[in-house]
Number of protein chains: 2
Amino acid sequence: MIKIEILSQGEELLTGQVVDTNASWLSDELVRMGLTITRHTTVGDDKGDLVAVLKEIAVRADGCLCTGGLGPTVDDLTAEAVAEAFALPLKLDTTALAQIEGFFEHRGQPMPASNRKQALLPTTATRLDNLCGTAPGFSLEHTGCWFGFMPGVPYEMKQLFNNAIRPVFLQRFPERLKSLVIIKTLGLGESDLQDRIQSIAIPNGVRLGFLTAPEGNQIKLLFDADFPQGRAQGLIADFKNQLGASVFSVTDDRSYQQTVYDVVGEQLINKGLTLAVLETLTQGEIASQCLGKPWLLSAVYCQDLIQLARFIGMDYLAKNSDKAWCQLAQNSAEVVRRKAKSDYGLAQLCFNNKIDGSPARGTIYTALVTATTAISFIDQVGGSLRRQQRQSALKAFDRLRIFLQENN
Amino acid sequence: MIKIEILSQGEELLTGQVVDTNASWLSDELVRMGLTITRHTTVGDDKGDLVAVLKEIAVRADGCLCTGGLGPTVDDLTAEAVAEAFALPLKLDTTALAQIEGFFEHRGQPMPASNRKQALLPTTATRLDNLCGTAPGFSLEHTGCWFGFMPGVPYEMKQLFNNAIRPVFLQRFPERLKSLVIIKTLGLGESDLQDRIQSIAIPNGVRLGFLTAPEGNQIKLLFDADFPQGRAQGLIADFKNQLGASVFSVTDDRSYQQTVYDVVGEQLINKGLTLAVLETLTQGEIASQCLGKPWLLSAVYCQDLIQLARFIGMDYLAKNSDKAWCQLAQNSAEVVRRKAKSDYGLAQLCFNNKIDGSPARGTIYTALVTATTAISFIDQVGGSLRRQQRQSALKAFDRLRIFLQENN
């Protein structure tokens, strides 16, 4: 078995100030490539510790992905530690230096002297170009273990992995690619999900997993490379039948980050429709989740009924019944729709739990208005204010998703 | 120096399915106790790996906190691995068994047979009672290293640490509580920061660290318990002098999560001021960062100039100069301010990089309007659309922060 390890470097990880999301992202990618991760290690800014762990890993593993410690500051010690651990003195990589200088030139700034050290790479190391930051990565082999060193900044790390490391790994460790299918649901609790699918037999060659996530619970099916495709499709169909309308997405490796916002967005684009939104409890969450999407024309956040009355141009009136709240939500959706000249208007009203402190469980009124239809929904939401914000936004878009599906 | 390590056990951590928040929580607690964490290791459900890492740690460290692998299923191997690594055969702990039986009895269920194994502890181990789950923890010493084993369920782990491990650690490792001060900055790159403070001499008894974070770069000063407070204040003042207005927060242990939004919010509350916002590129980020804050009355997102013209009630006009853009931003800020009847209006205009795909570097026009003043600022923002969104929102609030400070 090929053994891959992950090494994270950074005092901020060891001291608990930052949660290491790089390691879990890399693990996830490696598992999809059919590789096995045997160990994660995190060390801080102590060169001795770093030298020791590099030597250990070189003996133990076939491949190691390292993140962090490539910055310009004195506590960025990775290259020095590699030089010491594997007796590969640092030397200036002139291409790297030119890239770093170019990065600053592009920003109209002179390169600070401290950044020069980022161009010092261990002898025999291969430079891995960083297209979105100053520090290049590098790779080298020692006692049969292939090491890839990447910066700790997540988007730089991901870009380097995708462009420079994944291709090497696919060639060096030709494990057969398993295929992962993720079935994403909204609105079902973890035990409901379990109960609904317990009658489905999982054949050999398939590994079943669950993931409880704030954006909906997921079922993960990892198929061996030689698992017949027809049987895989049949199994996926069984899950979809058992789970019904709560399934909002069935994705494979390439689209596994698909959210309910993406699903709704695709449908809106296909139908050439635009949307305007009125937010209360969701307070910018809906707008933010639709970042850069051309179909979202505008979004308005109103803190309370007074602001809402000002915005939609009507007198402030306390609402005493669910029916009155639903009507107000529909009116609000129509106002944002008209103002933006969008096809759809979506409004979600919930004011009773907007208290800084311990939030109560609240009722949310969601309305969706088109040129010809107006519908509304009543839901409950609880938990921390941040959770209520996210859950309410998901609920609003899930309502929109089901409407789009039913009115196809 | 006392060396403490953390060992996390669980296949779901190694495969990236679950992010290890236990390790960062424990680290944070230990740092506040004045202890130094030298390494985190994560291994999966392989007994051989677990035995190997336990042996390594026993030689290397003075203390080790272990989480996970104490459950009832076959992949929970920690106790067996400890037994093998340290030659301490498992034996039934009758008190533990009674506790586990009691846990199920309390729920009106018979104890499943599989749970009996949770009462098997290595000979010479001390049981650590678990007050909120089935699995007891245990502790033992081997070659001078004290090991504490806890369940992986976060709230069970925290309860065990607080009740059973913290008191032991305080006695066994009587390090004195250090104090951590974090100086947070906005608008300075990592190397700028480094260059500005390089003239400051760091005395013995103080450890200097850096943290690059999307919400601003941070300087961390960890003071030994006996470091004179007057000298600490002097050193902090030196840093503030060198860094100038870019410092938005100087926090201690208890408030280290303070953001620029919190700092602005405190000032608005102290002055009894309210705010309305117009967002473009930030698209809900500002509203969302101010979740539940009573001083944010409303926020509007407009996708483009057409939507903005509709919202502020003026004809669409392309803007060809920075001056015209700044004027439009001020007009927009005044419209949201008037509409919401808030004290301040904040508008930030940036439309040229709202393209789904690879975003360009763009110019942002930020305007702040009060009853008596209207000011505007021009900044540049680059990177991914998500980064631009967050950076623009931070920039807008940083401008507001500096205005509030100067007009105190």
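The following exchange concerns strand pairing in chain B and domain contacts in chain A of a predicted model.

User: What makes strand β16 (residues 362-369) of chain B largely enclosed by the rest of the structure?

Analyst: A residue is buried if 20 or more other C-beta atoms lie within 10 Å of its own. Six of the eight residues of β16(B) are buried, so the strand is largely enclosed by the rest of the structure.

User: How do you know that β15 (residues 344-349) of chain B pairs with β16(B)?

Analyst: Two strands pair if DSSP finds at least two bridges between them. Five bridges join β15(B) to β16(B), so the criterion of at least two is met. The two strands run antiparallel, and Gly345(B) stands opposite Val369(B) in β16(B).

User: Why are β16(B) and β17 (residues 374-381) of chain B called paired?

Analyst: Eight bridges join β16(B) to β17(B), and therefore the requirement of at least two bridges is satisfied. These strands run antiparallel; Gly362(B) stands opposite Val381(B) in β17(B). β16(B) and β17(B) form a hairpin, with four residues between them.

User: How do you know that domain 2 of chain A and domain 3 of chain A are in contact?

Analyst: Contact requires C-beta atoms, placed from the backbone, to lie within 7 Å. Seven residues of domain 2 of chain A are in contact with seven residues of domain 3 of chain A. By class, the side of domain 2 that touches domain 3 has four nonpolar, two polar and one charged residues. Domain 2 spans 179-255 and domain 3 spans 260-406, and 30 Å separate their centres, taken over C-alpha atoms.

Methods:
Residues numbered from 1 in each chain as written. Chains lettered and ligands numbered in written order. Predicted model: local features only at pLDDT ≥ 70, side-chain atom pairs only at ≥ 80, totals over all residues. Buried ≥ 20, exposed ≤ 12 C-beta atoms within 10 Å, placed from the backbone. Domains from an automatic or database assignment. Contact = placed C-beta atoms within 7 Å. Nonpolar A, V, L, I, M, F, W, Y, C, P; charged D, E, K, R; others polar.
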